[in-house]
Amino acid sequence: MNVIDIESRFQEKIDTDVRIEPRDWMPDNYRHTLIRQIGQHAHSEIVGMLPEGNWITRAPSLKRKVALIAKVQDEAGHGLYLYSAAETLGADRDQMFEELHSGKAKYSSIFNYPTLTWADMGAIGWLVDGAAIQNQIPLCRCSYGPYARAMVRVCKEESFHQRQGFEIMNVLCAGTPAQKAMAQDALNRFWWPSLMMFGPPDAESTHTAQSKKWGIKRFTNDELRQRFVDMIAPQADHLGITIPDPDLRWNEKTKQYDFGEIDWTEFWQVVKGNGPCNKERIEARTKAWEEGAWVREAALAYAEKQQNNSSSKSKAV
Amino acid sequence: MKSWPLYEVFIRSKAGLHHKHAGSLRAADAEMAIENARDVYCRRSEGVSLWVVLSSDITASNPENSEELFDPAEDKIYRHPTFYHVPDGVKHL
């Protein structure tokens, strides 16, 4: 069979919704696109632990604290599922870490914003996880099996993340005027960066067309962003706080919300490394990686030493 | 530095069911793989038993041989009960 036949057979599988599995033939670009996307996704989960980790010791109650710890632990798990999925494509995990630390690999720009108050934990759960879920639900049907399966687990686990965030906002909004103002301030700061999470507008999105053809993406950035706005706007009304966009209003004709222009200059600045916390995030990850090196080495040395002593191994039954 | 080996994780979700592949993870040894599998794949009562296997110890069929491996089963309809005629009125067959 020649290359063209193999490629059209591959496309035929995609078009008939047959999943691609690790050892199946795939075009090099399909492989590279997935490694890049899954890698970015994994890095986002891992870096995403940092803004929230900032508040674990200062959570206002034990209930909030256990929820926040569970959420951050989930994010670590999600990062690990995703690194594993990337590895099935031949990516090297250590190299992926190096690319994150060197700035070569990207992660979601939202995590380069600081978490200044407790209400930010509410806003992140409500908005950032809300946006992530919008992005991830269609990925459960992604053409690449291991990525789709990882997304099913992630989506199942993440449903509590958004709810706990909304609950934090809801409680603050029903609290004292100062608490409500804190919630409003968090919404003000996280609204636009949340909209940017869906990526550049369709007209400028370089990968969308190919990714859709390959069944990696099911919807465009703008389609998902619109869904997100339509979901969040009524929730903000319920909370009694105002989305910081004077152009946001219900459009009776289109049956969706119109909203204002996004500041793409800011988006590209943050992507390029000039956001408020880019440097701090990468430093924290690099420090953890470097200072943990001796633990990884010691564990491996210990494992090698134990290898001959297999008496304690219990048989699989 | 050498990286930790890759393990495949299998979970029995409850007694009476098969272990099912859940995913993979890296660990220094099998014992650590079990502990990590508990944390990574069983945070919400997903299982009652875990298996971990070094990925490098798994022999997998090659997708290129799928036709010769699996196609022969497709035309053997006589292996299914629906192939056989049962007269009307005959029960328990």
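Q: Leaving aside neighbours within four places in sequence, which residues is Thr33(A) in contact with?
A: This is a predicted model, where local features need pLDDT of at least 70 and side-chain atom pairs 80 or more, while totals for chains, interfaces and linings use all residues. Residues count from 1 along each chain as written, chains are lettered from A and ligands numbered from 1 in the order written, and side-chain values use heavy atoms, without hydrogens or water. Thr33(A) sits in helix α2 (28-47) of chain A, helices being DSSP runs of H or I with at least four residues and strands E runs of at least two. Its contacts (heavy atoms within 4.5 Å), with those neighbours set aside, are Ser211(A), Trp214(A) and Ile216(A).

Q: Is Thr33(A) buried or exposed?
A: The cut-offs are under 20% relative accessible area for buried and over 50% for exposed, with partly exposed in between (1.4 Å probe, protein chains only). Thr33(A) comes in at 13%, so it counts as buried.

Q: How far is the backbone oxygen of Asn29(A) from a polar atom of the Thr33(A) side chain?
A: That pair fits a polar contact (N or O atoms within 3.5 Å, one able to donate a hydrogen and the other to accept it). The distance from the Asn29(A) oxygen to the side chain of Thr33(A) is 2.6 Å.

Q: Which residue's side chain makes a polar contact with the side chain of Thr115(A)?
A: Thr115(A) lies in the loop between α5 (93-102) and α6 (119-139) of chain A, and at 6% relative accessibility it counts as buried. Its side chain reaches the backbone oxygen of Pro51(A) at 2.9 Å. The side-chain partner, also at 2.9 Å, is Asn54(A).

Q: Which residues of chain B lose the most area to chain A?
A: Between the two chains, about 2,100 Å² is buried, with carbon and sulfur atoms giving 52%; that's the accessible area (1.4 Å probe) lost on putting both parts together, summed over both. Three residues together make up 27% of what the chain B side buries: Met1(B), Arg43(B) and Arg44(B).

Q: Which element gives the largest share of the side of chain B that touches chain A?
A: There are 8 salt bridges between chain B and chain A (a Lys or Arg side-chain nitrogen within 4 Å of an Asp or Glu carboxyl oxygen), including Lys2(B) with Glu304(A) at 3.0 Å between the closest N and O atoms. The chain B elements giving two or more residues to that side are β1 (6-12), β2 (19-26) and α1 (30-41). The largest share, 5 residues, comes from β2(B).
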